[in-house]
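Got your viewer open and a selection box ready? Here is a short tour, stop by stop, of what to pick and what you'll find there.

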Amino acid sequence: MNEMTASNLKSAFGGESMAHMRYLCWGEAAVKEGYPNVGNLFEAVAYAERVHAGNHFRELRKEVGDASVTAGAGFGMTTTSENLQGAIDGENHEVMQMYPAFIAVADLQQEKGSIRSFQFALEAEKTHAALFAKAKENVDAKKDFDEDTVHVCDICGYTIVGALEEDCPICKARVEMFTTFVTAE
Ligand SMILES: [Fe+2]
Ligand SMILES: [Fe+2]
């Protein structure tokens, strides 16, 4: 694999892995603050980031050995409103800066599997940014997120609320390939 694309995959793997953990932490904090549906949303999106990390890791399967990985990551755990803003900022960074640049390099280097892995993540992160923005609007009005059911595509991390009726618009996976998260009673 071309070195630059391999390096970008490792960085994306690091970023997605940290996002996974960060969202689980922020989700627990949201539940404690009295926003169980926001907690469930964070848990579902954490799962989606794990899907992305797994996809990137599998693309790196032939890159055997240790590496130092540098990846951007948001820190801090204050209020759920601020945590949601951190999540929105992180998702937007991936959508507008990171993945388009990684895709451009992978495209130049004709790394087809990596282009796909980055493209799946880019499209899924758009859904995350939108969901977190809705959740933040509610929390800023002292209300919980409206939806208690969130579905995540196991193949690409696409995330949707409400009824699950159609195949994944990003990767075409069937509805059976989604994992559903429901707010605990
Ligand atoms: Fe995301
Ligand atoms: Fe998908």
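Start with a cartoon and trace the chain from the N terminus: the elements come in the order α-α-α-α-β-β-β. What you're looking at is a predicted model. The radius of gyration of the chain is 16 Å, and the globule rule also gives 16 Å for 185 residues, so the chain is as compact as a globular protein of that length. Switch to the C-alpha trace and align it to its principal axes; the span is about 50 × 35 × 25 Å. If you colour by burial, 41% of the 185 residues come out as buried. A contact map is worth a quick look too: of the contacts between residues at least 6 apart in sequence, 72% join residues at least 24 apart.

**Stop 1: helix 2**

Select 36-59, which is helix 2. Is this helix mostly covered or mostly bare? Mostly covered: 18 of its 24 residues are buried. Put a distance between its end C-alpha atoms and you should get 35 Å; 24 residues at 1.5 Å each should span 34 Å, so the two agree. Keep helix 2 on screen and add the strands: the helix lies across strand 1, strand 2 and strand 3, running at about 0 degrees to strand 1.

**Stop 2: the core**

Now show side chains for Val38, Leu41, Phe42, Phe118 and Ala135. In the largest nonpolar core, which has 44 residues, these five touch the most other members. Which elements give two or more residues to this core? They are helix 1 (3-32), helix 2 (36-59), helix 3 (80-108), helix 4 (112-140), strand 1 (149-153) and strand 2 (159-161). Centre on Ala135 and look past its neighbours within four places in sequence: its contacts are Val38, Leu41, Leu84 and Phe145. Two of those, Val38 and Leu41, are also on the list of residues that touch the most other core members.

**Stop 3: the sheet**

Hide the helices for a moment. What is left is an open sheet of three strands, ordered 2-1-3, with antiparallel pairing. Strand 2 and strand 3 (178-182) are at the edges with a single partner strand each, so each has one side without a neighbour in the sheet. On average, neighbouring strands here are turned by 25 degrees against each other, ignoring direction.

Take the pairs one at a time. Strand 1 and strand 3 run antiparallel and are joined by five bridges. To see one of them, select His151 and its bridge partner in strand 3, Thr180. On the other side, three bridges hold strand 1 and strand 2 together, again in the antiparallel sense. Here the pair to pick is Val152 with its partner Thr159 in strand 2. Strand 1 and strand 2 also form a hairpin, with five residues between them. Click on Gly157 in that turn and check the backbone: phi is positive, about 85 degrees.

**Stop 4: helix 4 and two loops with unusual backbones**

Bring the helices back and pick helix 4. Its 29 residues reach 42 Å from first C-alpha to last, close to the 42 Å expected at 1.5 Å a residue. After helix 4 comes Lys142, in the loop that leads to strand 1. What is the phi of Lys142? It is near 65 degrees, a positive value in a residue other than glycine. For context, most residues other than glycine have a negative phi. Lys142 counts as exposed because it has 9 C-beta neighbours inside 10 Å, where 12 or fewer is the cut-off.

Now jump to Gln110, in the loop between helix 3 and helix 4. Its phi is positive as well, near 55 degrees. Gln110 is exposed, with 10 other C-beta atoms within 10 Å.

**Stop 5: Glu63**

Last pick: Glu63, in the loop between helix 2 and helix 3. With 14 other C-beta atoms within 10 Å, Glu63 is partly exposed. Which residues is Glu63 in contact with, leaving aside its neighbours within four places in sequence? Met1 and Ala6. Draw a C-alpha to C-alpha distance from Glu63 to Ala6 and you'll read 7.8 Å, for two residues 57 apart in sequence.

Key: Residues are numbered from 1 along each chain as its sequence is written. Chains are lettered from A and ligands numbered from 1 in the order in which they are written. This is a predicted model: local features need pLDDT of at least 70, side-chain atom pairs count only at pLDDT 80 or more; totals for chains, interfaces and linings use all residues. A nonpolar core is a set of buried Ala, Val, Leu, Ile, Met, Phe, Trp, Tyr and Cys residues joined through C-beta atoms within 7 Å. A residue is buried if 20 or more other C-beta atoms lie within 10 Å of its own, exposed if 12 or fewer, and partly exposed in between; C-beta atoms are placed from the backbone. Helices (H or I, at least four residues) and strands (E, at least two) are DSSP runs, numbered from the N terminus. Two residues are in contact if their C-beta atoms, placed from the backbone, lie within 7 Å. Two strands pair if DSSP finds at least two bridges between them. Axes are lines fitted to C-alpha atoms, for helices over the stretch in contact, and angles run from 0 to 180 degrees between N-to-C directions. The expected span of a helix is 1.5 Å times one less than its number of residues. The radius of gyration is taken over C-alpha atoms; the globule rule is 2.2 Å times the number of residues to the power 0.38.
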